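Q: Got a minute to go through this one with me? I'd like to talk about charges, rings and pockets.

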Amino acid sequence: MESRQAQRKNEHLSLARKYYDQAHASHPFDQVRLIHTALPETAVADVDITSPLTKQIQLNAPFYFEAMTGGSQAALTINRQLARIAAKYQLAMATGSVSIALKDPAARESFTVIRDENPDGIVIANLSSGASLTDARAAIDLLGADALELHLNAAQELVMPEGDRRFFWLDNIRELATALDVPVIVKEVGFGMNKVDVAKLAQTGIEAINVSGRGGTNFALIENRRNHKQDFAALAQWGQTTPESLLEARAAKSGLPVIASGGISSPVDLIKAAALGASSCGVAGYFLNILQAAGPAALDQEVADWLTVIPRLLALQGVEHFTNLPVMADTVLAPELASYVQQRQLL
């Protein structure tokens, strides 16, 4: 019989699929419009889609498998399938929180399978921003990880009946970023960031920020379904969307690579995110939903399609390198998002 923590991981997987349509009922990237250029003056063959994940790590493609799961037998199957596809297409892959594997040896294979299936790929370990240095090193060693992703999940924890109630993270992030031998990324879990958050994180020594905005997997909905004592349904729309968070990050001028995740569900979304300042994009819920609903062959085909379409979209914009999108791609913001920018004084 699986541990209580493993059962919780299975609940997360089940509820993420159950609430997928509700969480994606509105699509924040519809608030962003790309301006077409009739004279691209480029060729698809000349397009370069490499992009930075951190200051040290370069990606072969501008998207990767963002943190999804780990810690149960169901998670082991999913991570094996994801890792095989990541290896085939040379995509980076982040794990779910490794903390369960550090407490329960039975959970370790659901994480180590990622490195087993993708021995030469970029693997990103994932822990809480409150993790100890000992645990951080253990998680990195367990996976042979190329980077460590520290998650910020105050809203999720507060809805969880068994969640944390104290959130003092900055000093610990600074300690981990200084002491570890691999790059540290700090990410939200779907509630976004503001410009003050980004500015504070930029002073800690980390190498990338993942704004992870509202619009994808909604952990307020998921954890509220598990909470039988209090009702936090009012938090279903809590937080900044991914486009809002990217605009906040752009205003902060941190100098760090900014990763977009949360609601990225098409190559066009990815191009829009980059036009707003994203250096790369993490995709979790969209790919996981395909995998769970249609199987690994369907996800394999979807990834192949993205890798075909993205260079064509860049050529359509007259952009030969993905990293030039923030400078070369023009956007128009819908009234709601434009009002947000004005009220938040982000220009």
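A: Sure. One cut-off first: buried means under 20% relative accessible area, exposed means over 50%, and partly exposed is in between. Also keep in mind that this is a predicted model.

Q: Fine. So is Glu162 buried, partly exposed or exposed?
A: Glu162 has 40% relative accessibility, so it counts as partly exposed.

Q: And which residue does Glu162 form a salt bridge with?
A: That would be Arg226, with the closest N and O atoms 2.8 Å apart. Arg226 sits in helix α10 (residues 219-226) and Glu162 in the loop between α7 (154-159) and α8 (170-179), so the bridge ties together parts that are 64 residues apart in sequence.

Q: What about Arg226, buried or exposed?
A: Buried, with a relative accessible area of 14%.

Q: How many salt bridges are there?
A: The count comes to eight. One of them pairs Glu117 with Arg84, where the closest N and O atoms are 3.2 Å apart. Glu117 belongs to helix α5 (residues 109-117) and Arg84 to helix α3 (residues 73-89), so this pair joins parts 33 residues apart in sequence.

Q: How accessible is Glu117? And Arg84?
A: Glu117 is partly exposed at 24% relative accessible area. Arg84 is partly exposed too, at 48%.

Q: What does Lys88 bridge to?
A: Lys88 forms a salt bridge with Asp300, and their closest N and O atoms are 3.0 Å apart. The two come from distant parts of the chain: Asp300 is in helix α14 (residues 296-316), Lys88 is in helix α3, and they are 212 residues apart.

Q: Of that pair, is Asp300 buried or exposed? Same question for Lys88.
A: Asp300 counts as buried, at 17% relative accessibility. Lys88 is exposed, with a relative accessible area of 53%.

Q: OK, changing topic to rings. How many aromatic pairs are there?
A: Seven. One of them is Phe167 with Trp169, an edge-to-face pair at 5.4 Å centre to centre and 65° between the planes.

Q: Why does 65° count as edge-to-face?
A: Because planes over 60 degrees apart count as edge-to-face, and this pair has 65° between its planes.

Q: How accessible are Phe167 and Trp169?
A: Phe167 is partly exposed, with a relative accessible area of 26%, whereas Trp169 is buried at 17%.

Q: Which rings link into a cluster?
A: Phe63, Phe65, Tyr286, Phe287 and Trp306 are linked by ring pairs into a cluster.

Q: Now pockets. How much space is in the second largest one?
A: About 540 Å³. It has 22 lining residues, and the closest to its centre are Leu152, Ala154, Trp169, Glu188 and Asp197. So Trp169 turns up again here. The elements that give two or more residues to this lining are α7, α8 and α9 (195-201).

Q: What's the split of nonpolar, polar and charged in that lining?
A: The lining has 14 nonpolar residues, five polar and three charged.

Q: Last one: where is Ser279, and what does Ser279 touch?
A: Ser279 is in the loop between α12 (267-275) and β11 (280-283). Ser279 is buried, at 12% relative accessibility. Leaving out residues up to four places away in sequence, Ser279 touches Ser51, Pro52, Pro257, Val258, Ile259 and Phe322.

How values were computed: Residues numbered from 1 in each chain as written. Predicted model: local features only at pLDDT ≥ 70, side-chain atom pairs only at ≥ 80, totals over all residues. Heavy atoms only, no water. Salt bridge = Lys/Arg side-chain N within 4 Å of Asp/Glu carboxyl O. Helix = DSSP H or I, 4+ residues; strand = E, 2+ residues; numbered from the N terminus. Buried < 20%, exposed > 50% of the residue type's maximum accessible area, 1.4 Å probe, protein only. Phe/Tyr/Trp six-rings, centres within 6.5 Å; stacked < 30°, edge-to-face > 60°. 1 Å grid on protein atoms, 1.4 Å probe; cavity = no way out; pocket = protein on both sides within 12 Å on 5 of 7 lines; lining within 4 Å. Points joined across faces, edges and corners; volume = space filled by probe spheres on them. Nonpolar A, V, L, I, M, F, W, Y, C, P; charged D, E, K, R; others polar. Contact = heavy atoms within 4.5 Å.
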